[in-house]
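The following report describes the overall dimensions of a protein model, then some of its strands, helices and backbone features.

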Amino acid sequence: MTGDNSEMTPDDRRRLGLLAGQAFTPGPPVRGAEEFAGRDDQLQQVSDAIGTPGRSVLIYGERGVGKTSLANVIDELYRQISGERICSPSISCDSDDTFDSIWKRVFRAAASTVEEPLSERVTHQLHDALDVAISLTSHDVCRLATIVTQAHLFIPVIDELDRVPNTHVLTVMTDTIKQLSDHVPSATVVLVGVADEVDELLAAHKSIERAIEQVLMPRMPPDETLEILAKGAAITGIEFEPDASSLITKIAMGLPHHAHLLGLNATRAALEAGSSCVRADDVHLGLDRAIKGRQHTLMKAYDDATTSPRPDNLYRQALLACALAETDQLGYFTAAGVRDPMTAIMGEPYDIPNYTQHLAQFCEQGRGPVLHRIGAKRRYRYRFANALLQPFVVMHGLKEGWISEEDLRG
């Protein structure tokens, strides 16, 4: 269904608008396999690890690239291809967690799972062990995992590992994975965290490398963003013109959240215009809506980073240039990478000394810090502290007219 539809009634628009909210979900991570798009290589890596006795998984990458969504569908997809009985409890860590509290939540979740419930005997064994007022050790975890694996593959998912500030937890977690690998081969621990934990986790136990599959979640390539839009279109019946799909792909910058956000707002803009096809103009209207409706935290981060009493300040333009700089797989860019976009934004040549101070201040507490910096002086690399802020900055730059669609990388 393409083109304008003069017979679309207000009720049709409301119904399809609600359907668009089900098709595009910029809020929570994906919960079911039917909602998941792309990431075939990463899914294959995880599946291969689960199928290899004694191997666990570390999913890492920038915030906002879909690590949790991948973890959420692992058990369902593996169950479909293997036919195995799977117990896959999932928990999220917080700043107060200890090794003991993490694993007690894991086993309590395992005991209460409903999709493929454990036997009554196994459930009682877990509850009896957890009711004892002692802290779990890595040996206790192996013992309880052995109980679970009597009739199930055990695939616990431990998300947001980066929120645990206690480095001792990482060390003991590494020891536990090594012991599970050696003694409970039907258990596959899936750890989910940002990239910065990888070196620390692996350094804690050199021999862990043979026991853990490292799955990098990079930003989505353009074809996977297009897949999200195609899945949404299949649900709503509202197609995307090529120019509209291309524009959304560029602005989303490989982040699933923004692909869903722009897909949703552009679809609703088309519906309000009485059209059954999303055009580039609808994306621009949706873009304006997305900026106005953005989370308070993103708007505050942007304001904190760019506000200055001097009317001629260049903080907004410098931050936009950072957002447009070419990055590596982990989202890092160099000062040299900011040169070309800054020149394009300002309309005259700008070299590193013209914005070095801006980069330094973006890394300081007074402006967020909005950027995270690693490396040594003259070899610094930078990354947005919140990856979701990067497309927001680009959206704002488009709306203000500082850049055009042609300035966006494909």
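A residue is called buried when its relative accessible area is under 20%, exposed when that area is over 50%, and partly exposed in between. Because P156 has 0% relative accessibility, P156 counts as buried. The model discussed here is a predicted one, and P156 lies in its loop between strand 4 (153-154) and strand 5. Apart from neighbours within four places in sequence, P156 is in contact with P89, W103, V106, T188, V189 and V190. One of these partners, W103, is 53 residues away along the chain, and the C-alpha atoms of the two residues are separated by 9.4 Å.

**Overall dimensions**

The protein contains 17 helices and 11 strands, and its C-alpha trace spans about 65 × 60 × 35 Å along the principal axes. A compact globule of 410 residues would have a radius of gyration near 22 Å, and the 24 Å found for the protein agrees with this. Of the 410 residues, 53% count as buried, while the accessible surface comes to about 18700 Å², with 49% of it belonging to carbon and sulfur atoms. Among contacts between residues at least 6 apart in sequence, 75% join residues that are at least 24 apart.

**Strand 6 and its partners**

Strand 6 (residues 190-194) is mostly covered, since five of its five residues are buried. Strand 1 (residues 56-61) runs parallel to strand 6 and is joined to it by five bridges, with V192 of strand 6 serving as the bridge partner of I59. Strand 5 (residues 157-159) also runs parallel to strand 6, and here two bridges make the connection; L191 of strand 6 is the bridge partner of I158. Together with helix 7 (residues 167-183), strands 5 and 6 make a right-handed β-α-β unit.

**Helices 9 and 14**

Helix 9 (residues 222-236) has 15 residues, which at 1.5 Å a residue should span 21 Å, and its end C-alpha atoms are 21 Å apart, in agreement with that expectation. Its buried residues are E224, T225, I228, L229, G232, A233 and T236, and they pack against helix 1 (10-23), helix 2 (40-50), strand 8 (239-240), helix 10 (242-252) and helix 11 (256-272). Just after helix 9, G237 takes a positive phi of about 80°.

Helix 14 (residues 315-324) is largely enclosed by the rest of the structure, because nine of its 10 residues are buried. Among those buried are Y315, Q317 and C322. The buried residues of helix 14 pack against several elements, including helix 13 (296-306), helix 15 (339-346), strand 10 (371-374) and helix 17 (389-400).

**Backbone features in loops**

Most residues other than glycine have a negative phi, and most peptide bonds are trans. The table gives two positive phi values at residues that are not glycine, and a separate feature is the peptide bond from G368 to P369, which is cis with omega near -5°. P369 is placed in the loop between helix 16 and strand 10.

| Residue | Phi | Loop | Relative accessible area |
|---|---|---|---|
| E160 | about 55° | between strand 5 and helix 7 | 28% |
| R378 | about 75° | between strand 10 and strand 11 | 79% |

With these relative accessible areas, E160 is partly exposed, whereas R378 is exposed.

Conventions. Residues numbered from 1 in each chain as written. Predicted model: local features only at pLDDT ≥ 70, side-chain atom pairs only at ≥ 80, totals over all residues. Heavy atoms only, no water. Buried < 20%, exposed > 50% of the residue type's maximum accessible area, 1.4 Å probe, protein only. Helix = DSSP H or I, 4+ residues; strand = E, 2+ residues; numbered from the N terminus. Pairing = 2+ DSSP bridges. Right-handed = clockwise from strand over helix to strand, strands pointing away. Rg over C-alpha atoms; globule rule 2.2 N^0.38 Å. Contact = heavy atoms within 4.5 Å. Areas by Shrake-Rupley, 256 points an atom, 1.4 Å probe, with all protein chains shown as cover. Expected span 1.5 Å × (residues − 1).
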